[in-house]
Amino acid sequence: MSEQLADNISLKKKLQKAERRKKIEALGLISPLFFVMLVFFFIPIALMLYRSIDNSQMPAALPQTADIIQQWSGEGLPDEATYAAIVGDMRIANEEKKLGMVGRRLNFDLVGYYSLLSKTGRKIDEIKGPPYKEALINFDKKWGDTRYWTVMERGLKDKTLLYLLAAMDLKYDENNKIVKVPEYEAIYISIISRTVYISISITILCLILGFPIAYYMANSPPRTRNLLMIILLLVFWTSLLVRTLSWILVLQNNGVVNNFLMFSGIINQPLELVFNRFGVYVAMTHVLLPFMVLPLYSVMRSIPADYVRAARSLGAKSITAFIRVYLPQTLPGIGAGALMVFIQALGYYITPALVGGPRDQMVSYFVAFFVNERVNWSMASSLGVVLLILTGSLYLMFGKKVNIANMKLG
Amino acid sequence: MSNQEFHVSFKNVQKSYDGKILVVKDLNLDIEKGKFVTMLGPSGSGKTTCLMMLAGFESATSGEILFNGKPINKIPPHKRGIGMVFQNYALFPHMSVGENLAFPLQVRKIAKPEVEVMVKNALDMVQMVDFIDRYPGQLSGGQKQRIALARALVFNPELVLMDEPLGALDKQLREQMQYEIKHIHERLGVSVVYVTHDQAEALTMSDQIAVFNDGIIQQLASPEDLYERPENSFIAQFIGENNQLRGVIEKIDKNIALVALEGGKKVSALMVDVKDIGENTILSIRPERVIIKPRASNSTDIDGKVLELIYLGDHIRCRMMVAGNDEFIVKMPNSSNHAQLKVGEEIGISWEKEDCRALKP
Ligand SMILES: Nc1ncnc2c1ncn2[C@@H]1O[C@H](COP(=O)(O)OP(=O)(O)O)[C@@H](O)[C@H]1O
Ligand SMILES: [Mg+2]
């Protein structure tokens, strides 16, 4: 009895030993990919995301004030020491040309801060103390306004939600409450909903066009199938830029389509086909179509013809057989295709930038805008975060419904 | 019997998929109502194709198929009321067992309470009532098979087609299912067209067997006739075991021919599809119909040399050299007084002349 037990234990150990080697081998095989992913994917993305709440350049510009203002209760004006610190900080910041950055940043929260700081900075030598408190308030009575100090206190923290809030058309008011920005300033919510709307439309268009193509491909003889596959994959052989530009050639006012329609007398004036929403839909649907067709095709190929035949022999009309038997079995493909198209569409940049009008630009355009033109990484990151949260939550919601584990990709 | 009374009739049906090769060459087959008819033939002989034409998923290239006396191509597949059991079962993976069975009833717009009763009854018939909420992925092969059968029968079709339904099951389960299907057929009285390449299965289950080869039916007969009275050498070879001896017809007396075998020995045989003196023929004799004698004692006896003896429990299998054929098999029942043979021994054998069938080579 005990011998058997001992045997069992040694068997277990042997098994573990054998398994351990397999595990180490498996780890060895995935480790290169893991490191590449870590170094070139996760770390940059994490840094980028961190940028959206990072505020460290502010306390770095006014270090003493940032330190001392923590002790302020928030009621009434800060004490003399704080005033002394800020005068000292502003002198240095002015010399290092950092005051403008600080002013612009605080101006987000309270209009007038930029001019206050630049004016004070320019004439910093005129402010004599101690007591600095009186001197500053005499110089500009805004320094005696608690609202400015509330904004300063929040603005000198290490981290800030300011940019993230801005990306959702929200901001802090003077009393540190989160409020909506006035309507004339609100743009991001509408850009984000426009992005989602365009992406959903393109997903639906791809599904409507892709489903019959995939069905035809899956049910035709090998030769036709291969030919169609090559035509479909041709899309990947040409660069995205070339494909997008060629749509401009096709759709522009004296492009192929308009010329043909005018020549055949159907219209007398060229139609507006490009640099608007229509152009965005056409070009993006074209570019993203293969990502819908391929997973659908692979799922359809794996559905034997016997299922529909069985349904027909059981008395179902062909349309009923299609809807109740065939379609449900293609759901994993529809799910995978729709998800791929939708998520790619959400982040598309070049195509809408080239063939869309100003009212058709999507979030990515503004990310690029903030990075390239405004050099405002924080705002760009914040838009990125909002997009990521949106994608993630849609993925989870959607993924539950169609059961992601069952999805087939290509 | 007039045309009208056959349930299904294939009339000179031809089928080609590619316009070059005829998969079905000239099919003529009449199936009576309530009969269990099996299409038996090697793989690729066009059995599935025939079922597909009957079910309406392929159309005949020429000829016609009558269903209850009416040309079938006028009726769309879903109106034919033909139940079908597919080789891979084709149970809908996204529906539970209950939903699978309810499907044919729902599309017929049968009221819900009635559907429930019919589904329960059908599941009861295959002893699977407890599995009503399972999904096909959670069933074993044998269980899927039963569900597929129940689904094909739940809407009370007049005709059920089964395409090698037991092909994927192990031997024991297959034999059990053969009896169950047979009993269900007897109980319900539906016509069944059953496809298989397993002759034992065909012999066990069928009222009639149509043996397919080369796109035509070689013989349509009851299992007994098929085994006892094969009409040509393909059937004789294909069904059961058969010894074949080559020879030339020397004399004809009514339907009995005197045939000269290789080596000059002459034997009598029943003429089946041979006609003339001088014609080459193959004599076909079942191993269990050979009679062993101590020595050749009359004119139709011939000599044989024992080459190999295999003890198989209920019978003893003896391989002999007879008239130049060293694959001549004799089966001796293991009775208390069976002949005691030794390898290398020369003995005499004979048979009833009706058991020796002279066929065209
Ligand atoms: N859909 C099809 N297209 C082309 N050829 C086919 C098709 N189905 C069957 N065949 C050919 O027809 C012949 C008979 O096939 P089948 O009816 O399936 O035979 P069986 O069921 O007796 O094995 C085979 O040679 C097969 O290759
Ligand atoms: Mg077959």
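1. The first point concerns ligand 1. An oxygen atom of this ligand is placed 2.9 Å from a polar backbone atom of Lys47(B). The model is a predicted one, and the distances quoted in this note are to be read accordingly. Two side chains also make polar contacts with ligand 1: an N or O atom in the side chain of Thr48(B) is 2.5 Å from an oxygen atom of the ligand, and a polar side-chain atom of Thr49(B) lies 2.5 Å from an oxygen atom of ligand 1. Taken on its own, ligand 1 has 560 Å² of accessible area, and the protein covers 55% of it.

2. The shell around ligand 1 is formed by Tyr17(B), Val23(B), Pro42(B), Ser43(B), Gly44(B), Ser45(B), Gly46(B), Lys47(B), Thr48(B) and Thr49(B). By class, these residues comprise three nonpolar, six polar and one charged. Helix 1 of chain B, which spans residues 47-55, supplies the largest share of the shell, with three residues.

3. Chain B contains an open sheet of six strands in the order 6-7-8-3-9-10, with mixed pairing. Its edges are strand 6 (82-85) and strand 10 (216-221), each of which pairs on one side only. From one strand to the next, the twist averages 15°.

4. Within that sheet, strand 3 (residues 36-40) and strand 8 (residues 191-196) of chain B are paired in the parallel sense through five bridges. One of the residues involved is Leu40(B), whose bridge partner in strand 8 of chain B is Thr196(B).

5. A further open sheet in chain B has five strands, ordered 15-19-16-17-18, and its pairing is antiparallel. Strand 15 (291-293) and strand 18 (325-333) of chain B are the edge strands, each pairing on one side only. Neighbouring strands of this sheet are turned against each other by 45° on average, direction ignored.

6. Strand 16 (residues 302-311) and strand 17 (residues 315-322) of chain B run antiparallel and are joined by six bridges. Across this pairing, Tyr311(B) stands opposite Ile316(B) of strand 17, and Glu308(B) stands opposite Arg319(B) of strand 17. The two strands form a hairpin with three residues between them, where Gly313(B) adopts a positive phi near 85°.

7. On the way to the sheet edge, strand 17 of chain B is joined to strand 18 of chain B by seven bridges, again with the strands running antiparallel. Cys318(B) stands opposite Val330(B) of strand 18 in this pairing. This hairpin has two residues between its strands, and Ala323(B), located in the turn, has a positive phi of about 45°.

8. The last point concerns aromatic pairs, of which a search of the whole structure finds 17 over all chains. One that merits inspection is formed by Phe236(A) and Phe291(A): the ring centres are 5.4 Å apart and the planes stand at 80°, so the pair is edge-to-face. This pair links distant parts of the chain, since Phe236(A) belongs to helix 11 (residues 222-237) and Phe291(A) to helix 14 (residues 277-301) of chain A, with 55 residues separating them.

Notes
Residues are numbered from 1 along each chain as its sequence is written. Chains are lettered from A and ligands numbered from 1 in the order in which they are written. This is a predicted model: local features need pLDDT of at least 70, side-chain atom pairs count only at pLDDT 80 or more; totals for chains, interfaces and linings use all residues. Side-chain values use heavy atoms; hydrogens and water are left out. Two strands pair if DSSP finds at least two bridges between them. Helices (H or I, at least four residues) and strands (E, at least two) are DSSP runs, numbered from the N terminus. Axes are lines fitted to C-alpha atoms, for helices over the stretch in contact, and angles run from 0 to 180 degrees between N-to-C directions. A residue is near a molecule or strand if one of its heavy atoms lies within 4 Å of it. A polar contact is a pair of N or O atoms within 3.5 Å; within protein, one must be able to donate a hydrogen and the other to accept it, and residues adjacent in sequence count only if both atoms are side-chain atoms. Accessible areas come from the Shrake-Rupley method with a 1.4 Å probe; for residues, only the protein chains shown count as cover. Ala, Val, Leu, Ile, Met, Phe, Trp, Tyr, Cys and Pro count as nonpolar, Asp, Glu, Lys and Arg as charged, and the others, Gly among them, as polar. Rings of Phe, Tyr and Trp (its six-membered ring) pair if their centres lie within 6.5 Å; planes under 30 degrees apart count as stacked, over 60 as edge-to-face and the rest as tilted.
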